[in-house]
Amino acid sequence: MTFNTLLLDIKDGIATITVNRPKALNALNPEVVGELGQAVQEISENKEVRVLILTGAGDKAFVAGADIAAMSQMTPLQAKHFSWAGHEVMFALEALEIPVIAAVNGFALGGGTEIAMSCDFIYASEKAKFGQPEINLGIIPGFGGTQRLPRLVGKGWAKEMVLTGEMISAQQAKELGLVNKVFPPETLMDEVLKTAKLLAAKGRASLRAAKQAMNRGFDVDLRNACAMEVDAFAVCFTSPDAKEGLTAFLEKRKPDLSGEI
Ligand code: CO8
């Protein structure tokens, strides 16, 4: 499938979605949100893809937020539909069975921080900036920022960011736990690819089980969350990978974890 606002590249089991509106700093208008939904769906159906990278075109922005020009024309009902459409994309990214890395190469503001937070983890360039500046536009985050940000960095920092609308640097974002690693801009993609290749060599079934156990268990009480882990753990044994991985260790050889299921 080809897209107007995205580039989708698939190579050696690694898919890269690049939001491609550099003149508007890759802002998310309804077309981008719709195409992101289609691209994520396509990736979920392609069993050759083992890792997804999400990034932005150009050297200035990852995604500078939802498209302000588009939002300025919206009725409350259209705003509601747009907000839900964005949420569906975030949930679809979280529900993908494969790991998703956000490669934040520049401004990640509003919807940019929000979409990065729905990836499994974030690597950022030293010149990236994060923020939820919606308050300065007379609105609030509408793609999950009021919910995912406190879950990631704690309520105090999330409130400071959402209520002041101030940006933070990549280094500050790392200190808060929003970003895992920060790299010079010129090495960011190489480092992201290095980790993507590492992940692509793991077993699909156990990656899926681990991701689902963490995502689903995060919002429930510990006993029920651990029950989810027990089930996910047991499901791993339905994949040939478990037999292969455990046996390979005992036989002192490298496992071939391509058994799927
Ligand atoms: N939407 C539309 N266009 C944008 C956006 C945006 N979010 N951000 C930048 N652009 C455009 C600019 O208008 C400009 O276009 P043009 O060249 O035609 O004038 C071009 O990109 C370059 O931008 P600047 O000239 O402003 O570049 P600067 O280097 O001076 O500044 C900034 C860079 C600081 C990133 C600045 O562009 C900025 O502040 N952008 C807006 C950031 C923002 O407020 N983002 C939050 C948007 S709200 C949101 O994300 C809500 C999400 C939930 C939606 C729920 C649905 C209802």
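1. A good place to start is the polar contacts between the two domains: nine residue pairs are in polar contact between domain 1 and domain 2, counting pairs with both residues at pLDDT 80 or more. On the side of domain 1 that touches domain 2, the residues fall into seven nonpolar, one polar and six charged. Please keep in mind that this is a predicted model.

2. Now for the layout. The protein chain splits into domain 1, residues 6–200, and domain 2, residues 204–250. Their C-alpha centres are 27 Å apart. To the contact, domain 1 brings 14 residues and domain 2 brings eight residues.

3. Together, domain 1 and domain 2 bury about 940 Å², with 43% of that on carbon and sulfur atoms. Within domain 1, the residues losing the most area to domain 2 are Arg50, Glu97 and Arg151, which together make up 51% of what that side buries.

4. Charged pairs deserve a look too. Three salt bridges are found across the interface of domain 1 and domain 2. In the model you can also find a salt bridge between Lys211 and Asp120, whose closest N and O atoms are 2.9 Å apart.

5. Next, the ligand. Which residues come nearest to the ligand? Of the 25 residues around it, they are Lys60, Ala64, Ala66, Ile68 and Gly111.

6. Oxygen atoms of the ligand are worth tracing one contact at a time. One contact, at 2.6 Å, is to an N or O atom in the side chain of Lys60. Polar backbone atoms take part as well: that of Ala66 lies 2.7 Å from a ligand oxygen, and that of Gly111 lies 2.9 Å from a ligand oxygen. On its own the ligand has 1,100 Å² of accessible area, and the protein covers 64% of it.

Conventions:
Residues numbered from 1 in each chain as written. Predicted model: local features only at pLDDT ≥ 70, side-chain atom pairs only at ≥ 80, totals over all residues. Heavy atoms only, no water. Domains from an automatic or database assignment. Contact = heavy atoms within 4.5 Å. Buried area = accessible area lost by both parts, 1.4 Å probe. Salt bridge = Lys/Arg side-chain N within 4 Å of Asp/Glu carboxyl O. Polar contact = N/O pair within 3.5 Å; in protein donor to acceptor, adjacent residues only side chain to side chain. Nonpolar A, V, L, I, M, F, W, Y, C, P; charged D, E, K, R; others polar. Near = heavy atom within 4 Å. Areas by Shrake-Rupley, 256 points an atom, 1.4 Å probe, with all protein chains shown as cover.
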